[in-house]
There are 2 protein chains.
Amino acid sequence: MSQNGAGIDLDKSLGYLLKEASSALRAAMEEVLRPLGMTVTHYSCLELLAQRPGLSNSELARGAFVTRQSMNVLLQALERDGYVTRPAAAPVGKVLPARLTPRGRRSLEKATVAVRSVEVRMLAGLTETEQSGAFRILQSMIHSLRDDNAGA
Amino acid sequence: MSQNGAGIDLDKSLGYLLKEASSALRAAMEEVLRPLGMTVTHYSCLELLAQRPGLSNSELARGAFVTRQSMNVLLQALERDGYVTRPAAAPVGKVLPARLTPRGRRSLEKATVAVRSVEVRMLAGLTETEQSGAFRILQSMIHSLRDDNAGA
DNA sequence: TGACTCATGTCAGCATTCTGACATACATTG
DNA sequence: CAATGTATGTCAGAATGCTGACATGAGTCA
């Protein structure tokens, strides 16, 4: 297949499968978050802040895999609606550390339950060994992709 | 950046890792495709057509994980630029089977080389056994997510 | 101290994708 | 045969994310 210039066999490509799995996961998450009036990025932002209070806009953006401009739009909306607070002035530099409000924390709780159920469903049928194997393998892929990325 | 350097160890759930890996793969693909003036969806469409000539717009959309409306926009551009052809009238029903032109095939060849190098890089450091393990695991995840999706 | 580099927050404009909607074509069912 | 359900191609408007750009603050280095 690879030799005769036939291209990448999509049925056997791990890259394609990775995209497919990610797409299925996102769709499943959107489905359970929609009744809560929340998007995936919206949830990601809240979850990140819950685990690491005081993250800046740029750090949140990297954690949610969007640009800092996109995250900024979201953060302003979350701030306006009272899910998140940021100080008016930066304690140091320009960085504005964001934190969840009680309301934001309450909102996140429901979402976390929903998202956790999706993850549990995704991992059903996999043994503990397989799961930790998947963990290692995915980390290896990420590392390999990022490594040469900078060099090239 | 964050000066406290506190735990970069984010919520390293398998779901998050999956998203991270997929994001890294997409970024790496965008990087090698940009010099060729091609986006990931653009490339996906061409690759799909190379392997399964005659796919319809809707089928291409499903294969590239976008809506048929988005794929339609892309297909019209590809058609206008001479990479793809579709019959003026549908042979049967409304389905318009798309095919690569020689120009489209030439364009794809370069892109395939670039994308293949990314995939090779991603899999560097993984044994054959690990790769087939990853394959099975990803398929299991996809199946589990889609299965209950319909039911629940 | 001053020049330089880097990262940040934010504004503005653009691109891409999505949701909603419609007409059409085929298959199924009564 | 008619009614229904499903799938398609396509248009239009809205949402979302991105690129480009700017000023600001901090760290580095001579």
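In this predicted model, a polar side-chain atom of A:Arg68 lies 2.7 Å from a base oxygen of DNA strand C. A:Arg68 is also among the closest residues to DNA strand C, together with A:Ser58, A:Arg62, B:Thr67 and B:Ser70. In total, 21 residues surround the strand. Chain B reaches a base of DNA strand C as well: a polar side-chain atom of B:Lys94 is placed 3.4 Å from a base nitrogen. The backbone of the strand is contacted by A:Arg86. A polar atom in the side chain of A:Arg86 sits 3.2 Å from a phosphate oxygen of DNA strand C.

Sugar and phosphate make up 58% of the atoms of DNA strand C within 4 Å of the protein, and bases make up the rest. The surface near this strand draws at least two residues from each of α3 and α4 of chain A and α4 of chain B. The largest share, 4 residues, is supplied by α4(A). By class, the surface near DNA strand C comprises 11 polar, 6 charged and 4 nonpolar residues.

DNA strand D was examined in the same terms. It has 20 residues around it. Those that come nearest are A:Ser70, A:Lys94, B:Ser58, B:Arg68 and B:Asn72. Of the atoms of DNA strand D that come within 4 Å of the protein, 55% belong to sugar and phosphate.

Three polar contacts to phosphate oxygens illustrate how both chains meet DNA strand D. From chain A, a polar side-chain atom of A:Ser70 lies 2.7 Å from a phosphate oxygen. From chain B, a polar backbone atom of B:Asn57 is 3.2 Å from a phosphate oxygen of the strand. The side chain of B:Arg86 places an N or O atom 3.2 Å from a phosphate oxygen of DNA strand D. Elements giving two or more residues to the surface near this strand are α4 (68-80) of chain A, with α3 (57-64) and α4 (68-80) of chain B. Here α4(B) gives the largest share, 4 residues. The surface near DNA strand D has 11 polar, 6 charged and 3 nonpolar residues.

The loop between α3 and α4 holds a backbone feature in each chain. A:Phe65 is located in this loop of chain A, after α3 (57-64). Its phi is near 60 degrees, a positive value in a residue other than glycine. B:Phe65 occupies the loop between α3 and α4 of chain B. Phi of B:Phe65 is likewise positive, near 60 degrees, and this residue is not glycine either. Are these side chains buried, exposed or partly exposed? The cut-off for buried is under 20% relative accessible area, and exposed means over 50%. A:Phe65 has 23% relative accessibility and therefore counts as partly exposed. B:Phe65 has a relative accessible area of 23%, so it too is partly exposed.

Away from the DNA contacts, the protein was searched for enclosed space. Rolling a probe the size of a water molecule over the atoms shows where empty space is left. The structure holds 1 cavity of 30 Å³ or more. About 60 Å³ of space lies in the largest cavity. Its lining consists of A:Ala134, A:Ile137 and A:Leu138 from chain A, and B:Ala134, B:Ile137, B:Leu138 and B:Met141 from chain B. The elements that give two or more residues to this lining are α6 (128-151) of chain A and α6 (128-151) of chain B. The largest share, 4 residues, comes from α6(B). By class, the lining has 7 nonpolar residues, no polar ones and no charged ones.

Key:
Residues numbered from 1 in each chain as written. Chains lettered and ligands numbered in written order. Predicted model: local features only at pLDDT ≥ 70, side-chain atom pairs only at ≥ 80, totals over all residues. Heavy atoms only, no water. 1 Å grid on protein atoms, 1.4 Å probe; cavity = no way out; pocket = protein on both sides within 12 Å on 5 of 7 lines; lining within 4 Å. Points joined across faces, edges and corners; volume = space filled by probe spheres on them. Nonpolar A, V, L, I, M, F, W, Y, C, P; charged D, E, K, R; others polar. Near = heavy atom within 4 Å. Polar contact = N/O pair within 3.5 Å; in protein donor to acceptor, adjacent residues only side chain to side chain. Buried < 20%, exposed > 50% of the residue type's maximum accessible area, 1.4 Å probe, protein only.
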